[in-house]
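User: I'd like to learn how to read side-chain features in a model. Could you walk me through a few of them?

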Amino acid sequence: MTGRQGEQLVPVPRLVGWFAGFTRDVALHADELSALDGAIGDADHGTNLNRGCREALRTLHAEPPRTVGDFGRTVGMQLLAHVGGASGVLYGSFFLDFGASAPGAQGLTPRGFAAAWHAGVAAVVARGRAEVGDKTMLDVLAPVRDALDTAAWHTVDLGGMLKAALDAAEQGLEATVPLVARKGRASYIGPRSAGHQDPGARSSWLLVRAATTTLAG
């Protein structure tokens, strides 16, 4: 399927497939995510995110979304309701504003996907009041935003854009290891948070990786 001027269009069912892929990856890595969280937090990131993703995917299958706005609203509201804590608010806000970027659209062009990601990250910044370098999920989401924005100026090839995004996500993820957390529960332990990978950054990397394997067609 193509959009204007031959741009590849990612239809809503493929966005659902992206979230299904993310849900599968979260389930597979739930123990790992919780173990990472145990080093610097409550040890429940994987458990909580797994529960919320399963509920969101169940709702997507029971009530298939017709528009990008429907997709983002369904996922966002279910994550807010079932993940709990800061992760639920941040992931829920990301998807709500991702969908609100193109509420009536039945798909996203590559540039539309970049714009939707940008909107989602803006919501995370507004809700979490974090910056890159604070050792949070934003250390992955923001570099991906920048990579997508840059790539969107030079290409309409979604596969190429997503490869650049995954490269940025991997660099951002590894960059969290030496950081001292300045936001969230990890900030309570101060310098002892250094040397550990951030669990929210890790799950955000899974979200990007799932996009590379499901969206490009």
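User: Let's start with one residue: is F71 buried or exposed?

Analyst: Happy to help, and please keep in mind that this is a predicted model. Residues under 20% relative accessible area count as buried. F71 has a relative accessible area of 0%, so F71 is buried.

User: How is a pair of aromatic rings described?

Analyst: The general idea is to give the distance of the centres and the angle of the planes. This structure holds 16 aromatic pairs. Take W18 and F71: the ring centres are 6.3 Å apart and the planes meet at 35 degrees, so this pair is tilted. Planes under 30 degrees apart would count as stacked, and over 60 as edge-to-face.

User: Where in the chain do W18 and F71 lie?

Analyst: W18 sits in helix α1 (residues 12–28) and F71 in helix α4 (residues 68–82). The two are 53 residues apart, so the pair links distant parts of the chain. W18 is also buried, because its relative accessibility is 0%.

User: Which pair do W18 and F95 form?

Analyst: W18 and F95 form a tilted aromatic pair, with 5.8 Å from centre to centre and 45 degrees between the planes. F95 belongs to helix α5 (residues 85–100) while W18 is in helix α1, so this pair ties together parts that are 77 residues apart in sequence. With a relative accessible area of 0%, F95 is buried.

User: Which residues form the aromatic cluster?

Analyst: One aromatic cluster is formed by W18, F19, F22, F71, Y91, F94, F95, F98, F113 and W117. You will recognise W18, F71 and F95 from the pairs above.

User: Now a polar example: is T59 buried or exposed?

Analyst: The cut-off for buried is under 20% relative accessible area. T59 has 9% relative accessibility, so T59 counts as buried. T59 is placed in helix α3 (residues 45–62). Leaving aside residues up to four places away in sequence, T59 touches T74 and Q78.

User: And on the surface, which residues make the nonpolar patch?

Analyst: M77, L80 and V89 make a nonpolar surface patch of about 240 Å². L80, one of these residues, is in helix α4. Residues between the buried and exposed cut-offs, 20% and 50%, count as partly exposed. L80 has a relative accessible area of 34%, so L80 is partly exposed.

Methods. Residues are numbered from 1 along each chain as its sequence is written. This is a predicted model: local features need pLDDT of at least 70, side-chain atom pairs count only at pLDDT 80 or more; totals for chains, interfaces and linings use all residues. Side-chain values use heavy atoms; hydrogens and water are left out. Rings of Phe, Tyr and Trp (its six-membered ring) pair if their centres lie within 6.5 Å; planes under 30 degrees apart count as stacked, over 60 as edge-to-face and the rest as tilted. Helices (H or I, at least four residues) and strands (E, at least two) are DSSP runs, numbered from the N terminus. Buried means under 20% relative accessible area, exposed over 50%, partly exposed in between (1.4 Å probe, protein chains only). Contact means heavy atoms within 4.5 Å. Patches are made of residues with over 30% relative accessible area and no salt bridge: like charges are joined within 9 Å, nonpolar side chains (Val, Leu, Ile, Met, Phe, Trp, Tyr) within 5 Å. Accessible areas come from the Shrake-Rupley method with a 1.4 Å probe; for residues, only the protein chains shown count as cover. A salt bridge is a side-chain nitrogen of Lys or Arg within 4 Å of a carboxyl oxygen of Asp or Glu.
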